[in-house]
Protein chains: 2
Amino acid sequence: MEEIHLILARNLKAIREKEKLSLEKVSQLSGVSKTMIGQIERGESSPTLTTIWKIANGLKISFTTLINNPQPDTKVILRDEVQVLPEDNGKYRVYPYFPFQDDCRFEMYTVEIDKDGKLKADAHREGTEEFITVFEGELTICVNDSEYCLKKGDAIRFKADRPHTYFNSGETLTKLSMTIYYPS
Amino acid sequence: MEEIHLILARNLKAIREKEKLSLEKVSQLSGVSKTMIGQIERGESSPTLTTIWKIANGLKISFTTLINNPQPDTKVILRDEVQVLPEDNGKYRVYPYFPFQDDCRFEMYTVEIDKDGKLKADAHREGTEEFITVFEGELTICVNDSEYCLKKGDAIRFKADRPHTYFNSGETLTKLSMTIYYPS
DNA sequence: AAATAATGTATGTTATAATGTACGAAACGA
DNA sequence: TCGTTTCGTACATTATAACATACATTATTT
């Protein structure tokens, strides 16, 4: 995920140049120093809420216009550029391929669990659901006092607004795809 | 206009309590210290863009949800609570009764101009229009190399995406209503 | 070409956002 | 009643946003 302040940087600069305004002029309109405007455009600063608000008002544009990221139609994510989030002393590894973005209502991970690795997850928000497909190994999921043992090729869908656990109950590495859906 | 960070404060606290989360829990979800979460909720801090982003992502909510202000159906603005913006050494005074809010596309001022007071305004964004009604005194507007002299009760509408000037050409105080419309 | 103005960047200082730790109050169980 | 836990706030410290000033570079004018 690209850093949010770089998106702002690009948007602000594009808008300013489209309107043919100088840093000085934007500074006058917004009441924010031109130094700060310049730093924001160069991605050197993550401005405070009040500063962003001043700029949006000065330019008579919406807050959203400044921080909206025009998503490309297609985006390839390479394994090497996804940074792993280790849990359970590294035996449970999450790869956030498609992290939450508020234009969609879900996020999608790949998870690897070493033998005996496990994770206890708290209840997510009311209405949240998970969709899991096992690609390698074996996975045991506990939810609602029930145990489900999934083998390679199996899948499960369950309401995740209650505590639940993942456990590699097999002898080999487990790989799975996990999608979490958040209702609006 | 209520300060933006107070809106965020109210929204964040409401969301957190609705989800029955502690400061600690929100801190874990977002990666922002619970001290900071607390300060934001109390309106003691205007957080940076990256901090707001972390919170929005941690709670799986949109940026907009955090900063949206549910407007009351009715709002009375009293003369005394509108703070004047002086120009031309105080001879030209702007009262921003309805400043820009990005859910509407216009803002509305009341303006008072003393005898001989004037203001040169730069071109606004392409497509911007102004709607002026004179309530007291006399007003001369120059735009597009033309002069228009308005008396009490007169009104004018003109495209404001070019330089223009306001001038009290009468002998008494001039009062007028000014609405500026910004195309989306 | 020299002078002037306009624009964006670099520098130093101040204000405050952000964090970690510690503390006090309320809720809970032994 | 006494720990024990959970929760929110207060305090001290560090990181950095925000500003004012000065500087370098390029247009524009004379």
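Guide: A polar contact is a pair of N or O atoms within 3.5 Å. A backbone N or O atom of Leu23(A) makes one, lying 2.8 Å from a phosphate oxygen of DNA strand C. The model is predicted, so local features need pLDDT of at least 70 and side-chain atom pairs pLDDT 80 or more, while totals for chains, interfaces and linings use all residues. Residues are numbered from 1 along each chain as its sequence is written, chains are lettered from A and ligands numbered from 1 in the order written, and side-chain values use heavy atoms, without hydrogens and water.

Visitor: Which part of DNA strand C do Arg16(A) and Lys34(A) approach?

Guide: For Arg16(A), a polar side-chain atom is 3.1 Å from a phosphate oxygen of DNA strand C. For Lys34(A), an N or O atom of the side chain is 3.2 Å from a base nitrogen of that strand.

Visitor: How many residues surround DNA strand C?

Guide: A residue is near a strand if one of its heavy atoms lies within 4 Å of it. DNA strand C is surrounded by 18 residues, and the closest are Leu23(A), Ser33(B), Met36(B), Thr48(B) and Thr51(B). Of the atoms of DNA strand C that come within 4 Å of the protein, 60% belong to sugar and phosphate. Helix H3 of chain A and helix H3 (34-41) of chain B each give at least two residues to the surface near this strand.

Visitor: What surrounds DNA strand D?

Guide: Around DNA strand D there are 18 residues, the closest being Met36(A), Thr48(A), Thr51(A), Arg16(B) and Leu23(B). Here sugar and phosphate make up 63% of the strand atoms within 4 Å of the protein. H3 of chain A and H3 of chain B each supply at least two residues of this surface too. Thr48(A) has a side-chain N or O atom 2.4 Å from a phosphate oxygen of DNA strand D, and a polar backbone atom of Ser33(A) is 3.0 Å from a phosphate oxygen of the strand. Thr35(A) points to a base instead: a polar side-chain atom lies 3.3 Å from a base nitrogen.

Visitor: Which residues of helix H3 of chain A are buried?

Guide: Helices are DSSP runs (H or I, at least four residues), strands are E runs of at least two, and both are numbered from the N terminus. Buried means under 20% relative accessible area, exposed over 50%, and partly exposed in between (1.4 Å probe, protein chains only). In H3 (residues 34-41) of chain A the buried residues are Ile37(A), Gly38(A), Ile40(A) and Glu41(A). They lie on the same side of H3(A), because they cover an arc of only 160° around the axis, taken from the directions to the C-beta atoms. They pack against helices H1 (4-18), H2 (23-30) and H4 (49-58) of chain A, where contact means heavy atoms within 4.5 Å. After H3(A) comes Gly43(A), with a positive phi near 75°.

Visitor: How is chain A laid on chain B?

Guide: Copies are superposed by least squares on C-alpha atoms of residues with pLDDT of at least 70 in both. A turn of 180° and a shift of 0.0 Å along the axis lays chain A on chain B with an RMSD of 0.1 Å. That is the relation of a two-fold axis. Thr48(A) is the residue of chain A that comes closest to the rotation axis, at 1.9 Å (C-alpha).

Visitor: Where is Asp88(A) found?

Guide: Asp88(A) sits in the loop between strand S1 (85-87) and strand S2 (92-98) of chain A. Asp88(A) is partly exposed, with a relative accessible area of 24%. Not counting residues up to four places away in sequence, Asp88(A) touches Asp116(A), Gly117(A) and Lys118(A).

Technical notes
A polar contact is a pair of N or O atoms within 3.5 Å; within protein, one must be able to donate a hydrogen and the other to accept it, and residues adjacent in sequence count only if both atoms are side-chain atoms.
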